[in-house]
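Here are a few exercises to work through with the model open in your viewer. Try each one yourself before you read the solution.

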Amino acid sequence: RRVSSLTWSEVLGYHRTRKGIGGRSLLVDRGESGYRNRFLPDGRILYMGEGKRGDQEPVGGNLRLLLAHREGTPLRVFLRERPGVWRDLGCYRVEGWRYALLEEEGRWVYWFTLAPGGCGEAP
C-alpha cells in the first residue's frame with residue numbers, strides 16, 4: 001500500500017495531543033524527542049514509556065498502553081520523518097511490556113513492544 005506524507009496538522013487532527021501517547025494513537029521518532037524508540041528488523045517497535053525524568057509510573061500514557069495490552073486495543077502509529085513531515089505506519093497492538101532499569105540514567109522505565117496489525121488489515 002502506498003504511504004503518503006502527512007503534515008503535523010493532519011496528525012494532530014487524529015492524535016489530538018502534543019504528547020506521544022494519545023487516546024487512539026502514538027507518535028514515534030528516531031530519537032529527536034529524547035525518547036529511545038527502537039525499530040526492530042521484524043517490523044516491531046520497542047516504544048519507551050512516558051516520562052523523561054525519574055522512575056516512570058503506571059499513569060497517563062503508560063496506563064493507556066498497559067490497558068491497550070490487556071484489552072488488545074490497537075493504536076495507530078505515526079512516524080516523524082523530519083520536522084513537519086509524518087508517515088502513518090498503520091495500526092499496531094501492544095504485544096507486551098517490561099519495566100526495567102535504564103542503567104545510564106539510573107531510573108526505571110517502561111518498554112512497550114508494538115507489533116504491526118490489529119485494525120483488521122492483513123498482517
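Contact here means heavy atoms within 4.5 Å. Keep in mind that this is a predicted model.

**Exercise 1. Work out what surrounds serine 25, and say whether serine 25 is buried or exposed.**

Step 1: find the residue. Serine 25 sits in strand 2, which covers residues 25-28.

Step 2: list the neighbours. Leaving out residues up to four places away in sequence, serine 25 touches Tyr14, His15, Gly20, Leu75, Arg76 and Phe78.

Step 3: pick out the polar partner. The side chains of serine 25 and histidine 15 are joined by a polar contact of 2.5 Å.

Step 4: check the accessibility. The cut-off for buried is under 20% relative accessible area. Serine 25 has 0%, so it counts as buried.

**Exercise 2. Describe the backbone and the surroundings of arginine 16.**

Step 1: place it. Arginine 16 belongs to the loop between helix 1 (8-15) and strand 2.

Step 2: look at the backbone. Its phi is positive, about 65 degrees, although arginine 16 is not a glycine.

Step 3: judge the exposure. Exposed means over 50% relative accessible area, and because arginine 16 has 66%, it is exposed.

**Exercise 3. Arginine 107 carries a charged side chain; find out where that side chain reaches and which residues arginine 107 touches.**

Step 1: locate it. Arginine 107 lies in strand 7, residues 107-116.

Step 2: get the accessibility. The value is 6%, so arginine 107 counts as buried.

Step 3: follow the side chain. It reaches the backbone oxygen of glycine 51 at 3.0 Å.

Step 4: collect the contacts. Beyond residues up to four places away in sequence, arginine 107 touches a set that includes Met48, Gly51, Lys52, Arg53, Gly54, Asp55 and Gln56. Ala100, Leu101 and Leu102 are also among the residues touched by arginine 107.

**Exercise 4. Which residues does glutamate 81 touch, and which side chain does it meet in a polar contact?**

Step 1: glutamate 81 is part of strand 5, residues 75-82.

Step 2: with residues up to four places away in sequence set aside, the contacts of glutamate 81 are Ser5, Trp86 and Arg87.

Step 3: the polar contact is with the side chain of arginine 87, at 2.7 Å.

Step 4: now look along the chain. Leucine 6 is 75 residues away from glutamate 81 in sequence, yet their C-alpha atoms are separated by 9.8 Å.

Step 5: at a relative accessible area of 33%, glutamate 81 is partly exposed.

**Exercise 5. Zoom out: what is the order of elements, and how compact is the protein?**

Step 1: count the elements. The protein has two helices and seven strands, and from the N terminus on they run β-α-β-β-β-α-β-β-β.

Step 2: test compactness. The radius of gyration is 14 Å, close to the 14 Å that the globule rule gives for 123 residues, so the protein is as compact as a globular protein of that length.

Step 3: add the dimensions. Along the principal axes, the C-alpha trace spans about 40 × 30 × 30 Å.

Step 4: look at burial and surface. Of the 123 residues, 37% count as buried. The accessible surface comes to about 7100 Å², with 50% of it belonging to carbon and sulfur atoms.

Step 5: see how contacts span the chain. Among those between residues at least 6 apart in sequence, 54% join residues at least 24 apart.

Step 6: finish with charge. The mean positions of the 21 positive and 15 negative charges are 5 Å apart.

Definitions and conventions. Residues are numbered from 1 along each chain as its sequence is written. This is a predicted model: local features need pLDDT of at least 70, side-chain atom pairs count only at pLDDT 80 or more; totals for chains, interfaces and linings use all residues. Side-chain values use heavy atoms; hydrogens and water are left out. Helices (H or I, at least four residues) and strands (E, at least two) are DSSP runs, numbered from the N terminus. Buried means under 20% relative accessible area, exposed over 50%, partly exposed in between (1.4 Å probe, protein chains only). A polar contact is a pair of N or O atoms within 3.5 Å; within protein, one must be able to donate a hydrogen and the other to accept it, and residues adjacent in sequence count only if both atoms are side-chain atoms. The radius of gyration is taken over C-alpha atoms; the globule rule is 2.2 Å times the number of residues to the power 0.38. Accessible areas come from the Shrake-Rupley method with a 1.4 Å probe; for residues, only the protein chains shown count as cover. Lys and Arg count as positive and Asp and Glu as negative; His and the chain ends are not counted. The place of a charge is taken as NZ of Lys, CZ of Arg, CG of Asp or CD of Glu.
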